[in-house]
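This report covers helix packing, sheets, hairpins and aromatic pairs in one model. Keep the structure open while reading.

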Amino acid sequence: MTKISFRGHVGLMTTTALLSGILAAPSFAQSADDDDSAEVVSLEEIVTLGTRRKGRSAADTTAPIDVIAVGEFRQSGASDVQDLLRTSVPSFNINAQPISDAASIVRPANLRGLSPDNTLVLVNGKRRHRGSVISFLGGGISDGSQGVDISAIPSMALKRVEILRDGASSQYGSDAIAGVINFVLKDNAEGGQVEVTYGSTYAGDGDNYRIAANLGLPLGEAGFINLTAEYGDTDGTVRSVVRDDVLALIAAGNTAAADFQTINSYTDEAPQYWGQPDVEDDIKIFVNSAMTLSDSAELYAFGSYAERTVTGGFFYRNPTNRGGVYRGPIVDAITGALDPDGVASVRVGDLDGVGVGESCPAGIPLTGNAGLIPDPTILALVTASDNCFSFVETIPGGFVPRFGGDNRDYSIAGGVRGQLDFGQGLDYDLSIAHGSNRTDFFIRNTVNASLGPNTPRDFVPGGQEQIETSINADFSYAFPSDFASDINVAFGAEYREEQFDLFAGDAASFALGPLADQGFSSSSNGFGGFPNSSSNSQDSYAGYIDIETDVTDQLTLQAALRYEDYSAFGDTLDYKLAALYRADEHLRIRATYSTGFHAPTSGQANITNVTTQNVGGVLIDQGTLPLSSAAGQLAADFIESQGNGRPGLGTEEARNISLGFAFDWGAATWTVDFFDIDVDNRVALGANVNFLDALNAVSGTSFGTVSDALTGLDAAGTIDRQDFIGLDDLSQFRFFSNSFSTSSQGIDVVGRYGFDIGDGVSNLTLAANYTKTKVTDTGVLNPISAGRVRALEDLLPNIKGSLTWTHAQGPFRTLLRVNYYGGWDDTGNGNDNIGSEFLFDAEVAYELTENVELIGGVDNLLSNHSDRNPGAGGLGQLYPEAGPFGFNGGQYYLRARVRF
């Protein structure tokens with residue numbers, strides 16, 4: 001039996017017995033990939049993605065694969081792997097997510113304009129568990145998605161990043177529709193490095209620092225353990241303007257509102273906390289290891305732990321018109337009694353109950369000074385009374401809630417792989433992987449208005465956790481043939497289980513207080529607490545076969561078939577056909593046709609959430625409820641009663657076609673790939689259902705408010721009000737179902753050219769993407785809104801790209817990069833035809849000694865921004881929230897790196 005080494009490819013594909021590391025060299029000397037200095041990867045780089053044949057390069061695969069070396073990947077001031085990917089991969093999009101509820105904690109990212117959970121993420125070839133956050137405010141494109149928390153991966157732990165730009169569900173299972181991203185961990189058994197980075201924005205906020213270290217150690221005679229640790233902090237930024245309503249309040253004489261006019265104040269009394277969130281105590285640890293058991297078997301394991309605290313903010317609560325807290329009924333301007341012909345008022349609560357004991361005015365009239373100041377006489381009467389209460393007594397200037405979460409992530413994976421001596425040798429990989437991501441939310445500087453003067457100001461609304469376990473058995477055998485190569489047959493099976501846990505918040509965060517029946521909103525304002533803990537799970541079984549061979553020296557053919565059965569959503573059968581034709585030594589043509597699928601997560605099927613959102617410039621409470629819940633079934637009854645059928649939740653189906661060329665042109669190498677992706681019955685949050693309309697329609701009644709309807713229907717025995725706790729102020733709600741369909745077409749272009757300048761070596765890299773998405777069906781049973789359609793089609797730039805020049809000469813290393821972001825629309829927020837932008841990055845590195853390097857750089861050198869919001873004073877947002885390159889402007893960084 002031939003002695004083999006597996007080093008360099010630990011933990012290959014979750015449903016892949018690739019074992020492409022069998023041909024890796026056994027030496028433990030640090031490879032170029034393990035060096036974080038800049039380097040360009042050629043198409044001949046051996047890949048572990050997209051093929052199950054041993055020792056295949058990116059140039060030999062039937063589908064396009066990008067291989068990004070860690071040094072090239074990390075030439076930026078960004079510390080988050082997602083931001084690094086945005087620069088390196090034109091079809092990858094991520095933004096800063098200000099005021100986006102839980103999406104600020106685990107940011108949703110998009111590949112080829114599709115949902116985050118249409119991209120499969122791997123670490124060392126094993127499926128990475130999802131994040132715990134479902135993005136209710138995902139900018140329209142990512143609404144309702146539950147993607148992987150890529151931010152938990154430290155960039156220093158990476159050896160390279162492999163990106164398969166093709167549908168691959170038949171090879172790897174659910175989610176691999178837009179493509180597959182594989183993070184390959186470092187595997188060097190000696191040496192290491194320590195790195196310290198500091199950066200800030202031109203505006204003087206957003207200070208950030210990071211300390212990271214990597215160490216490789218031998219494990220036995222022929223093994224390794226590689227350790228990476230990172231710690232950092234990132235201060236938030238404020239990119240808001242003083243709101244028009246704040247200025248009006250100040251002008252009218254509300255002195256307390258003056259606390260909200262100080263720009264860049266980093267306190268709870270900022271004009272509005274709109275900008276990059278704070279990220280504190282950001283800890284990331286990764287371990288990668290393997291050891292030889294025999295000449296033909298290897299034991300491997302890798303794992304991670306990460307935690308961070310992310311704090312963002314919410315919109316300003318105006319003390320004259322915030323519904324459920326301040327805004328009262330129409331009252332008489334003199335007495336404060338109800339009067340339909342009167343004036344607006346600030347709400348007053350009767351603490352011992354309406355009609356019991358001392359009476360209170362229905363509201364404090366807003367009179368004089370443009371109708372923005374509570375009548376001082378009635379305000380004095382309310383303040384003097386022990387039985388009457390209004391929030392203008394205790395919080396007269398309004399308030400800005402601060403929202404965030406403590407996120408914890410861990411994973412462990414391990415297995416044994418090797419080769420059994422059956423003729424050619426049967427390669428095997430037996431593995432198990434387990435991971436968890438948990439977020440515990442907090443919201444501060446807010447109220448549960450229904451508790452009146454007894455409300456806390458800080459709440460713990462609860463938490464969410466995603467837990468996943470995968471067990472895999474993967475095999476590969478090369479059958480002799482009369483073709484130009486053996487016929488490689490890979491086959492295997494997978495069992496996956498996922499669990500989504502919801503943790504109840506503190507009692508005050510969801511309480512229906514004594515003032516609820518007087519129009520004061522229940523639950524913590526802005527992000528209501530979860531009233532109950534719950535745990536929901538689902539599992540799946542899968543089997544696959546993948547066949548690939550070189551029919552001739554010019555033609556490679558590949559076919560894959562996968563069957564998967566989900567406990568909650570039934571089964572699916574997907575396939576892939578692919579070919580690579582080598583026209584000559586300079587030109588390769590490749591094409592694929594595949595089907596794919598995405599199964600709803602247990603979280604999407606069972607999540608409950610109520611949040612505050614800006615709808616047409618008005619802040620209202622919206623909710624997401626399970627279709628299986630009492631409210632969800634009520635909505636389904638409502639939709640069915642309109643003759644449209646009954647909505648359901650199942651898998652979404654995809655079809656992917658690609659055609660590409662890889663060719664050499666002089667000293668340059670180019671890849672050009674066209675793609676066409678149709679996704680039908682996409683799992684999504686549908687259009688909002690008017691809660692009051694649904695209650696009235698199903699019950700045949702005509703209540704005026706949701707609270708009245710719930711109370712009346714409960715009294716009639718139609719519903720159990722306990723099933724609707726925390727929903728009294730809910731104006732609209734959505735639920736997950738199979739809804740709309742889309743079609744995305746585009747082209748990816750990557751070109752590399754290496755040349756010498758003097759005694760130095762230079763490389764030019766061009767990477768560009770064009771993607772256009774069209775909504776082909778908005779859905780019938782639970783249609784998406786027109787605003788969501790506009791976001792899916794226009795919210796991302798159709799064209800995005802970069803041109804990078806790197807040069808190394810003596811002790812110096814330099815980088816110049818120009819990034820291009822095409823125009824885009826944010827029509828839903830009043831921003832039409834936002835112009836294109838060029839951003840420039842620069843970096844200079846100097847080797848003080850062989851092992852010490854100093855680096856300085858600037859991202860967005862000219863501090864360019866997206867076009868300003870035309871109505872910035874309305875909600876205080878200076879720039880569009882969905883800006884594809886953020887809104888912080890120019891940023892600089894300094895870095896010191898020591899290798900040993």
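At what angle do the axes of helix 10 and helix 11 cross, and within what distance do they come? The model is a predicted one. In it, the axes of helix 10 (residues 691-699) and helix 11 (residues 706-715) cross at roughly 30° and come within 9 Å.

## Helix 10 against helix 11

The angle lies under the 35 degrees cut-off, so helix 10 is roughly parallel to helix 11. The crossing of helix 10 past helix 11 is left-handed. Helix 10 contributes Phe691, Leu692, Leu695 and Ser699 to the contact. Helix 11 contributes Val706, Ala709, Leu710 and Leu713. By class, this contact of helix 10 with helix 11 holds 7 nonpolar residues, 1 polar and no charged.

## Helix 9 against helix 10

Two packed helices are described by the angle between their axes and the distance between the axes. For helix 9 (residues 630-641) and helix 10, the angle is about 70° and the axes are 9 Å apart. Helix 9 and helix 10 are therefore roughly perpendicular to each other. Their crossing is left-handed.

Which residues meet here in helix 9 and helix 10? From helix 9 come Ala631, Leu634, Asp637 and Phe638. From helix 10 come Phe691, Asp693, Ala694, Leu695, Ala697 and Val698. The contact of helix 9 with helix 10 divides into 8 nonpolar residues, no polar and 2 charged. Phe691 and Leu695 of helix 10 appear in the contact with helix 9, and Phe691 and Leu695 also appear in the contact with helix 11.

## The sheet of 5 strands

One open sheet has 5 strands in the order 1-6-7-4-5, and its pairing is mixed. Its edges are strand 1 (65-69) and strand 5 (126-127), each of which pairs on one side only. Strand 1 runs antiparallel to strand 6 (residues 158-164), and 5 bridges join them. Within this part of the sheet, Ala69 stands opposite Arg160 of strand 6.

Which strands does helix 2 touch? Helix 2 (residues 81-88) packs on the sheet and touches strand 1, strand 6 and strand 7 (179-185). The directions of helix 2 and strand 7 make about 120°.

## The sheet of 3 strands

A sheet of 3 strands is also open, with the order 13-15-16 and antiparallel pairing. Strand 13 (345-347) and strand 16 (373-374) are the edge strands, each pairing on one side only. Strand 13 and strand 15 (residues 363-367) pair antiparallel over 3 bridges. Arg347 has Gly363 in strand 15 as its bridge partner.

A helix packs on this sheet as well. Helix 5 (residues 376-384) touches strand 15 and strand 16. The direction of helix 5 makes about 155° with that of strand 15.

## Strands 23, 24 and 25

Strand 23 (residues 555-566) and strand 24 pair antiparallel over 12 bridges. A hairpin of 3 residues joins strand 23 to strand 24. Asp565 stands opposite Asp571 of strand 24.

How many residues lie between strand 24 and strand 25 in their hairpin? There are 2 residues between them. Strand 24 and strand 25 pair in the antiparallel sense over 8 bridges. The bridge partner of Leu577 in strand 25 is Tyr593.

## An aromatic pair

The model has 23 aromatic pairs. One of them is Tyr575 with Tyr593, a stacked pair with 6.2 Å centre to centre and 25° between the planes. Tyr575 belongs to strand 24 (residues 570-584) and Tyr593 to strand 25 (residues 587-598), with the two 18 residues apart. Tyr593 thus has two roles listed here: ring partner of Tyr575 and bridge partner of Leu577.

## Strands 40, 41 and 42

Strand 40 (residues 837-847) pairs antiparallel with strand 41 (residues 852-859) over 6 bridges. A hairpin through 4 residues joins strand 40 to strand 41. Strand 41 also runs antiparallel to strand 42 (residues 891-899), with 8 bridges joining the two.

Val858 of strand 41 is the bridge partner of Ala842. Val858 also stands opposite Tyr892 in strand 42.

Conventions: Residues are numbered from 1 along each chain as its sequence is written. This is a predicted model: local features need pLDDT of at least 70, side-chain atom pairs count only at pLDDT 80 or more; totals for chains, interfaces and linings use all residues. Side-chain values use heavy atoms; hydrogens and water are left out. Axes are lines fitted to C-alpha atoms, for helices over the stretch in contact, and angles run from 0 to 180 degrees between N-to-C directions. Angles under 35 degrees count as roughly parallel, over 145 as roughly antiparallel, 65 to 115 as roughly perpendicular and the rest as oblique. A crossing is left-handed if the near helix is turned anticlockwise from the far one by less than a right angle, and right-handed if clockwise. Contact means heavy atoms within 4.5 Å. Ala, Val, Leu, Ile, Met, Phe, Trp, Tyr, Cys and Pro count as nonpolar, Asp, Glu, Lys and Arg as charged, and the others, Gly among them, as polar. Two strands pair if DSSP finds at least two bridges between them. Rings of Phe, Tyr and Trp (its six-membered ring) pair if their centres lie within 6.5 Å; planes under 30 degrees apart count as stacked, over 60 as edge-to-face and the rest as tilted.
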